[in-house]
Amino acid sequence: MRITKILLAAALAAPLAGCGDSGIGTAATDDPINIASVSTLSGPVTFPESSLAARAVFDDVNDKGGINGRKIVYTMADDKGDPAGAALAGRDVIERKRAVALAGGASLLDCQVNGAQYARSKITDVRGVGVDPGCFSSANISPVNTGPFFGSTVTLYYASETLKLNKLCVFLSIIGGTAEAYKEGVARWSRLTGKKPLIMDLSLATAPSNFAPYIQRARTAGCEAVLFNGVEPELIGWVKAAQKQNVTDIKWLFLAPAYTEEVAKALGSSGRNVIALSEFEPYTESASRANREWRTTMEEHKVPLTAFAQGGYLAAKHLVTVLRSIKGDITRESVTEAMKTLRPLPSAMTGTPFAFGPGDAHASNLAAKFVQPDGQGGWAVLTSDWIKLPNG
C-alpha cells in the first residue's frame, strides 16, 4: 500500500459540488447489475488495490452464477487524482453507467467532491477506504475502515487505557479541511477517558524537512507517547530524527499509513518504539483464520496483499450480501432501501460489524488492532483482541 501517494493526493482534495442527476437506475430481471467505484487509478499517485479487490469478489460471484442469475458489471472509474476529474467520474457512473450502488472506492477526493451528488442521486456507497471527512459525514456513504479520525481516537484510547501511558502528546499534519475532524477525534478520546493531551500541536500544515524541533519539544515536555498522523516518508523521517537525537523513551503512535511492509523494512531495528494502527485483522498475519478467505481470493486474482485490498474486499462482500437480500428487481432504489434498513453485518476481519442504516453519517468500524515493527522488516501483532471504543 504505497502510502507516499496519500500526502500527494491529499493536497488535491477540496470541496466541489457534483452536478447532474439522471434519476434512479432500473434494470430488467435478465440485465446485468451495474456496480461502480470512483478511485484514483492514474496520474502521479494511484489507489488501485481497493477496487481491484472488489472486482475480484464480483468476478467470483459471476463465476458462480451471479445474483439470481444476473451478472455484476463492475466499473472502476478513475478520478485521476483531480477534483474536476472526480466530479466527472462520479457523474459518469451515475448517469451513463447507471450504477445501482457504489462499492470498493479508494480516493482522498471522491467523498468530498461527490458526496452531495450521491445524496441527490439517492445512490449508496460502501467505501473500501474512507479517508477525508466527507466519507464519515454522509447519509449515503459508509466506509468499512476505521479512518484517520476515529483511528486517532482509538489509538489514544489504546495508549492511555491499555498501555497506561498518562502523558500523551499529539502532533498533527493538517491537509485540506481535516483540522476539525482531527480535533474531534482527540476530543472524543478526552470525553471517553476524562484525559487531555499534554501537547496538541496542529502546526504541521506542510511536510517539514526537519522534525527535530517537534521531537525536542516532546522530550522537554515529558511526553510518554506521541500521536503523529504522518504518511510514509514523514513517519520514517520522524523516527530517524528521534534516533539521531537519541530519544529512546517515547512511544511513537502512528495511524494506518504506517502499517506497510515498506515502512517496516525502512525502519529496521529503529522501529522498536513504533506502534501502528491496523484497521482490519492485520494483513501480514498469514496464518490468521479471519484473513484466510481474503488471502485466497487476492492470491487467485493476483491482487496485492495490502490493507487497501482488505477494505475493497469487505466492501464488495457486504454489498453482495445486501444484493442477495433484495426480493424483486435490483435497482438503485431497492439497493438504497436495503442499505437504509440494513442490520449490522459482522466480519471476523473487523472488530465491530459493518453498518449502514438511516443515519445522517456512518462510521461503524470503531475498533483496531495494533502492530509493531519486528526489527527484521516485518510486523508483530501487539493486541490479540480488538481494542474497541466504548459503545463501539
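1. A good place to start is the boundary between the two domains: no salt bridge (a side-chain nitrogen of Lys or Arg within 4 Å of a carboxyl oxygen of Asp or Glu) is found across the interface of domain 1 and domain 2, the count being 0. Polar contacts do cross this interface, with 7 residue pairs, both at pLDDT 80 or more. Here a polar contact is a pair of N or O atoms within 3.5 Å; within protein, one must be able to donate a hydrogen and the other to accept it, and residues adjacent in sequence count only if both atoms are side-chain atoms.

2. A word on the basis: this is a predicted model, where local features need pLDDT of at least 70 and side-chain atom pairs pLDDT 80 or more, while totals for chains, interfaces and linings use all residues. Numbering runs from 1 along each chain as its sequence is written, and side-chain values use heavy atoms, without hydrogens or water.

3. The domains, whose bounds come from an automatic or database domain assignment, are domain 1 (33–147 + 287–367) and domain 2 (149–280 + 369–388). Their C-alpha centres lie 28 Å apart. Contact (heavy atoms within 4.5 Å) joins 22 residues of domain 1 to 11 residues of domain 2.

4. About 1400 Å² is buried between the domains, 67% of it from carbon and sulfur atoms; this is the accessible area (1.4 Å probe) that two parts lose on being put together, summed over both. Pro133, Thr146 and Ala367 supply 32% of the area that domain 1 buries against domain 2, more than any other three residues.

5. Now the interior. The largest nonpolar core (buried Ala, Val, Leu, Ile, Met, Phe, Trp, Tyr and Cys residues joined through side-chain atoms within 4.5 Å) has 71 residues, and Phe58 and Trp238 are among those with the most contacts inside it. Buried means under 20% relative accessible area, exposed over 50%, partly exposed in between (1.4 Å probe, protein chains only). This core draws at least three residues from each of domain 1 and domain 2. Leaving aside neighbours within four places in sequence, Phe58 touches residues including Ile35, Ala316 and Leu319.

6. Finally, the charged pairs: the total is 12 salt bridges. Asp110, Asp125 and Arg127 form a network of them. Arg127 pairs with Asp110 at 2.3 Å between the closest N and O atoms, and with Asp125 at 2.7 Å, N to O. Both Arg127 and Asp110 are buried, and Asp125 is buried too.
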